There are 2 protein chains.
Amino acid sequence: MSKSSKNQSVSNGEDTNKRLDDAARAGWLYYVAGKRQDEIAQIMGVSRQSAQRLVSLAMSSGIIKVRVDHPIARCQQLGQQLRDEFGLKYVEIVPDDPLSNSTTTGVANAAANELENRLKREDPQIIAIGTGQTLKATIDLLPNMNCPQHKIISLAGNLMPDGAATFYSVIFAVADKIKALSYPMVLPVLASSREERILLHAQSTIQSTLKLAQQANIAFVGIGDLGAEAPIYRDGFVSHKDLKILQKAGAVAEICGWVFDQSGILIDGLTNDLVASGPLPSPKSCLIIALAKGKKKLPGVSAAIKGNLINGLITDETMAIALLKNI
Amino acid sequence: MSKSSKNQSVSNGEDTNKRLDDAARAGWLYYVAGKRQDEIAQIMGVSRQSAQRLVSLAMSSGIIKVRVDHPIARCQQLGQQLRDEFGLKYVEIVPDDPLSNSTTTGVANAAANELENRLKREDPQIIAIGTGQTLKATIDLLPNMNCPQHKIISLAGNLMPDGAATFYSVIFAVADKIKALSYPMVLPVLASSREERILLHAQSTIQSTLKLAQQANIAFVGIGDLGAEAPIYRDGFVSHKDLKILQKAGAVAEICGWVFDQSGILIDGLTNDLVASGPLPSPKSCLIIALAKGKKKLPGVSAAIKGNLINGLITDETMAIALLKNI
DNA sequence: TATGCGATTGGGCAATTATCCAGTCGAAGG
DNA sequence: CCTTCGACTGGATAATTGCCCAATCGCATA
């Protein structure tokens, strides 16, 4: 396993490996063995500052994974209430973080945890993945694994309107990390016309990916709001004009590009006619977990639950409380 | 972040829960959300010192679990060499810790990790557990889980010679933590005579436990040295005189009370005639992982491998290197 | 060989965290 | 009602960690 890998770059490769190796060792000594940084420096024969840098690198490069193994009562209770109230199959609530406005911390960790659990299963799983910031953060938190028995399916198109492959990395990163078969959707998020969509979907590779997506056991999706800063607008998938039209039509959010109203009903006739993603998996056969944090997503989450678009949720306390208040 | 933390009063349950809950939240904010302790203090409405205490409690009480997700090259390589050289099925090497003489750090973590992986499986596992300090530390590191599908079998007697239940806690603690069926061996480690052993083993509950132990899929055992500070002597299971006799007879170590010589061959006729533990599971059907760290255990580990008593090993770099040198 | 450039290093110091300690609170008991 | 005891608190302070910066190193290029 640890053979000297073919050097990819003259200056990097070997060197970077060595450094990460040292970082891992330093991180181990610090977090597992409980050494102080100056002790680590002594053990590893470097200066204290270098030891500090290694420990810090270990943490920031994700070598060190931390999890909290305690049912935080309030979160547990909120989760149970949500399950009961809305008939959700899976709910995970993470603690609030009032001083931060990150929309991923915590939620991404919890999602990575659940995803990892799935991946540890021996029976082959078909795992569908949407796109978005939170999903990206989730994958970043995933450890390296070896799971050739599973299949990872991209649920949404991965291309930017100009053909660039920005979000590509989500599905590729995950496949790379866990050594599973991956099925990306090499498509734009929205086709430029109904005809194009038909053409795109006629491709045999896309056909089989779409088919697999319908058989997914579990799906992780983000929920995009449709406010002024809507991700699909900000990322250039829909024009400002189209965004306004969607808002007028009562659209509150989207999942994998599928736009829906406050009752969770897909809005026909507008951008939904162009969405290149396949239909969302059926909540009857698939656990569809939405990752959502932040006030802006409340209407979307609420609607997605009402419309039975999702049957699982990972969010934070504030959202949980708001959902329960809205009943 | 090493010393202190001993306040484990047996007082008010409700109160302790609340405190642990707060600790979990503080730990989450600190390690997952990356807040500073004064921010946590502000968020949770306590003084900075109290926040510090909560974070510290979260860590020392094991609510916070840390793992290193990186193949440390040197350890990987040593592990592979050991697998190849001795035909072991499972080897895990943890980094050295030259400044500490703990015999559990690292090894216990790695064992807890492997055990946890097993427990996450859905197909029912029969998991056998020996006794000893390292096993105890391993269980302490295990998170709470819910695995009613598995069975946990105690491999060795759990009673002190005077009937006290000192090591009881290992098997009970594990069963409690993971909600699995547990089969303790309510026996002394050594019977006082051959006749007593027959009597003890005739009990139907013991019978079924012994039978289950033979069907184990995986076993975690410690290796006890038989030097002047031999655990089975120190803990009062054998007298000083018997220890001397065993040493004279060429005994180098014991697993679950079964004493063997430097070739890993069980020594007949002495204390082995009194061992209340059932026979060790067969390495043909069971993955028997020994947990061993520390120079004193080298002869024992080497012998156990030679005699095919074990087919798995979790140890540290020093031991690994020493084993490879001994070939 | 000299030179430029980016990465790395360790000193110095600020920020953060850990611990000491005396005072307070509350429960248990006289 | 008072005392004792143990746990908890916050102020003060020590210990540890994080970061800036100038010096240096490694290396590719002129």
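## Contacts to DNA strand C

In this predicted model, a polar side-chain atom of S47(A) lies 2.6 Å from a phosphate oxygen of DNA strand C. A second phosphate contact involves Q52(B), where an N or O atom of the side chain is 2.9 Å or less away, at 2.8 Å from a phosphate oxygen of the strand. R48(B) reaches a base instead: an N or O atom in the side chain of R48(B) is 2.9 Å from a base nitrogen of DNA strand C. Two or more residues of the surface near DNA strand C come from α3 of chain A and likewise from α3 of chain B.

There are 13 residues around DNA strand C, and those that come nearest are S47(A), Q49(A), R53(A), Q37(B) and Q52(B). Sorted by class, this surface has seven polar, five charged and one nonpolar residue. Sugar or phosphate accounts for 51% of the atoms of DNA strand C within 4 Å of the protein, and bases account for the rest.

## Contacts to DNA strand D

DNA strand D is surrounded by 14 residues, of which R36(A), Q37(A), S47(B), Q49(B) and R53(B) are the closest. The surface near DNA strand D has eight polar residues, five charged residues and one nonpolar residue. Of the strand atoms within 4 Å of the protein, 55% belong to sugar or phosphate, the rest to bases.

Side chains from both chains approach the phosphates of DNA strand D. From chain A, a polar side-chain atom of R36(A) is 2.8 Å from a phosphate oxygen, and an N or O atom in the side chain of Q52(A) is 2.9 Å from a phosphate oxygen. From chain B, the side chain of S50(B) places an N or O atom 3.4 Å from a phosphate oxygen. Helix α3 (48–60) of chain A and α3 (48–60) of chain B each supply at least two residues of the surface near this strand. The largest share, four residues, comes from α3(A).

## Domains of chain A

Chain A is divided into domain 1, residues 14–60, and domain 2, residues 73–325. The C-alpha centres of these two domains of chain A are 37 Å apart.

## The seven-stranded sheet of chain A

Chain A has an open sheet of seven strands with parallel pairing, in the order β2-β11-β10-β6-β3-β4-β5. The edges are formed by β2 (90–94) and β5 (181–183) of chain A, each of which pairs on one side only. On average, neighbouring strands of this sheet are turned by 15° against each other, direction ignored.

At one edge, β2(A) runs parallel to β11 (residues 312–316) of chain A and is joined to β11(A) by five bridges. Within this pair, V91(A) has L313(A) in β11(A) as its bridge partner. Helix α13 (residues 317–325) of chain A packs on the sheet and touches β2 and β11 of chain A, with a direction at about 115° to that of β11(A).

## The three-stranded sheet of chain A

Another open sheet in chain A has three strands in the order β7-β8-β9, with antiparallel pairing. Its edge strands, each pairing on one side only, are β7 (224–225) and β9 of chain A. Two bridges join β7(A) to β8(A) in the antiparallel sense. Four bridges connect β8 (residues 251–255) of chain A with β9 (residues 258–261) of chain A, again antiparallel.

A253(A) in β8(A) takes part in both pairings: D225(A) stands opposite A253(A), and F260(A) in β9(A) is the bridge partner of A253(A). β8(A) and β9(A) form a hairpin with two residues between them, and C256(A) in the turn has a positive phi of about 55°. Helix α12 (residues 298–306) of chain A lies across β8 and β9 of chain A, at about 75° to β8(A).

## Surroundings of T105(B)

T105(B) is placed in the loop between β2 (90–94) and α5 (107–120) of chain B. Leaving aside residues up to four places away in sequence, T105(B) touches D97(B), S100(B) and K293(B), together with V32(A) and A33(A) of the other chain. K293(B) is 188 residues from T105(B) in sequence, with a C-alpha to C-alpha distance of 8.9 Å.

Note on methods
Residues are numbered from 1 along each chain as its sequence is written. Chains are lettered from A and ligands numbered from 1 in the order in which they are written. This is a predicted model: local features need pLDDT of at least 70, side-chain atom pairs count only at pLDDT 80 or more; totals for chains, interfaces and linings use all residues. Side-chain values use heavy atoms; hydrogens and water are left out. A residue is near a molecule or strand if one of its heavy atoms lies within 4 Å of it. A polar contact is a pair of N or O atoms within 3.5 Å; within protein, one must be able to donate a hydrogen and the other to accept it, and residues adjacent in sequence count only if both atoms are side-chain atoms. Ala, Val, Leu, Ile, Met, Phe, Trp, Tyr, Cys and Pro count as nonpolar, Asp, Glu, Lys and Arg as charged, and the others, Gly among them, as polar. Domain bounds come from an automatic or database domain assignment. Two strands pair if DSSP finds at least two bridges between them. Axes are lines fitted to C-alpha atoms, for helices over the stretch in contact, and angles run from 0 to 180 degrees between N-to-C directions. Contact means heavy atoms within 4.5 Å.
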